[in-house]
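Here are my notes from a read through the model, in the order I'd raise them over coffee. Have it open next to you as you go.

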Amino acid sequence: MMSDVGRLKMARRKDSRKYAFACATFASLNSVLLGYDVGVMSGAILFIQKDLHINEVQQEVLVGCLSVVSLLGSLVGGRTSDVIGRKWTMGLAAIVFQTGAAVMVFAPSFAILMLGRLLTGIGIGFGLMIAAVYIAEISPAAARGTLTSFLEISINIGILLGYVSNYAFSSLSYHINWRIMLGVGIIPSVFIAFALFVIPESPRWLIMKNRVDEARSVLLKINGDEAEANKKLAEIEEAAGVLNAENNNENKEVWWEILRPSPSLRRMLIAGCGIQFFQQITGIDATVYYSPTIFKDAGIKSYKELLAATVGVGFTKTMFILVAILLVDKVGRKPLLYVSTIGMTTCLFILGLSLTLMHGSGLISPKVGIGIAILAVCGNVAFFSVGIGPMCWVLSSEIYPLRYRAQASALGAVGSRVSSGLISMSFLSLSHAITVGGTFFIFSAISAISVVFVYCCVPETKGKSLEEIQMLFQKEREVQRGEVELSNAEHLVQNK
């Protein structure tokens, strides 16, 4: 029979898991805002175009500028989070985003609408960068992949809610329906405000600021075992030692080292920034933003049917993220990335082929073409959600040492947002130049390159603490065929 001490330890572990789960859930709320904005704009833009009489170029700029402008928030967010803390940076992100959303709701013209859009973009840049860092820093190693994946499921929930909002309000007058669609996105701010008074500050940030007792208290709640908490505290203090010793010129030195990286840091940056780049350059935001346009090209005509089809896409995208959450800490990051990138490549190719054959040769009937297009789009977002969608946040938040984590994650987010903006702002023009089907052939080719990138540059990090992953990348001769042998890193840590 289990002793009282054993039962007490088990109860503490359960409580600590619930606590870490709650922290990750609250921290990922900002991502709901991003997802909602992406989802709702795909339908709202149809009515904004009619109401404000914007042309196609203005439509592309309105949709895509959010991603580009968000890089400003990402760049500033790294430094801001080091000064005021991880959780209060998330709060600042929510305030800026909600201000922008309110401006868009009451915008009388395209210029004012753009101003609100720019503000929401800056807020998203803050939130995207720091939420992943925060969750990685408060998560136990065994559950870090699952908890960091909450960001992606929050984005997907937001996208689905945006699609549902489009469908629900589409029957109203086009002078008011898009304003209501955008205004509903302000509601999550209530929950974010509550979250800031519930979640703790990152223990790693607290140690950076020499608030050791507070860090120990947080680690005890997360780990549920005093010995384990003290061990983790010692590891973090050792990792943060150099950082605190050189505090005066910290920011300049960190950016200088990132711009002129050592071999090990270079590998981290290639893996972290590269996975963020490929997450977006394969066209996922174009698929989400312009899904009504894609289905219209496939043959669906009415607004209700277009928006109903996008709800199906959003539901698929959200459901399949659950698969990633269940498997990421069991099968690992890399197998899911292989399944994801190969599956996306196939679906994008099928989508491009079906649209091309339907319009070019008439070999596919409109009814069959619509069915294939819907299945291909749903398949693409499903494979995205299984792998590269959530794995991007998992890997980019866990591979960097504490000294570089905030700034390097910000740099990766910049690449992600720039590539997303370029895709979003060029999709309509490119589709007119080479057809919608031709555009998806290009996305398929880029996705095929991402498979090679995963094989050559992305290590497997399942089950390793952040400090062990740092040791892993520091072994400069440990890369063979682009994959790091984690067993050697374990042996090194054990012999220290």
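**Notes on helix packing, salt bridges and two buried positions**

1. Let's start with a helix pair. Keep in mind that this is a predicted model. Helix 16 (residues 291-298) packs against helix 19 (residues 366-386) at an angle of about 155°, and their axes are 9 Å apart. Anything over 145 degrees counts as roughly antiparallel, so helix 16 and helix 19 get that label. The crossing of helix 16 past helix 19 is right-handed.

2. Who makes that contact? On the helix 16 side you'll find Ile294, Phe295 and Ala298, and on the helix 19 side Pro366, Ile370, Ala373, Ile374 and Val377. Sorted by class, the contact of helix 16 with helix 19 has eight nonpolar residues, with no polar and no charged ones.

3. On to salt bridges. How many turn up in a search of the whole structure? There are six. I'll go through a few of them below.

4. One of the six pairs Asp51 with Arg179, where the closest N and O atoms are 4.0 Å apart. Asp51 sits in helix 2 (residues 29-52) and Arg179 in helix 8 (residues 177-183), so this pair ties together parts that are 128 residues apart in sequence. Is Asp51 buried or exposed? Its relative accessible area is 13%, and the cut-off for buried is under 20%, so Asp51 counts as buried.

5. Next, look at Arg86 and Glu137, whose side chains meet in a salt bridge at 3.0 Å, N to O. This pair also links distant parts of the chain: Arg86 belongs to helix 4 (residues 86-105) and Glu137 to helix 5 (residues 110-138), 51 residues apart. Both partners are worth checking for burial. Arg86 counts as buried because its relative accessibility is 0%, and Glu137 does too, at 1%.

6. Don't stop at that pair, though. Asp82 joins in as well: Asp82, Arg86 and Glu137 are linked in a network of salt bridges.

7. For a local example, try Asp213 and Arg216, which form a salt bridge with their closest N and O atoms 3.1 Å apart. Why about one helical turn between them? Asp213 and Arg216 are three residues apart in helix 11 (residues 212-223), so that is their separation. Asp213 counts as exposed at 60% relative accessibility, whereas Arg216 is partly exposed at 34%.

8. Now back to helix 2, where Met41 lies. With 1% relative accessibility, Met41 counts as buried. The C-alpha atoms of Met41 and Met181 are separated by 8.5 Å, although the two residues are 140 residues apart along the chain. What does Met41 touch, leaving aside its neighbours within four places in sequence? Its contacts are Ile48, Val63, Arg117, Leu182 and Tyr289.

9. Last one: Ser424, in helix 21 (residues 405-457). Ser424 has 0% relative accessibility, so it counts as buried. Setting aside neighbours within four places in sequence, Ser424 is in contact with Glu60, Val63, Gly64, Asp285, Tyr289 and Tyr290. Two of those names should ring a bell: Val63 and Tyr289 are also among the contacts of Met41.

Terms used: Residues numbered from 1 in each chain as written. Predicted model: local features only at pLDDT ≥ 70, side-chain atom pairs only at ≥ 80, totals over all residues. Heavy atoms only, no water. Axes fitted to C-alpha atoms, helices over the stretch in contact; angles between N-to-C directions. Helix = DSSP H or I, 4+ residues; strand = E, 2+ residues; numbered from the N terminus. Parallel < 35°, antiparallel > 145°, perpendicular 65-115°, else oblique. Left-handed = near helix turned anticlockwise from the far one by under 90°. Contact = heavy atoms within 4.5 Å. Nonpolar A, V, L, I, M, F, W, Y, C, P; charged D, E, K, R; others polar. Buried < 20%, exposed > 50% of the residue type's maximum accessible area, 1.4 Å probe, protein only.
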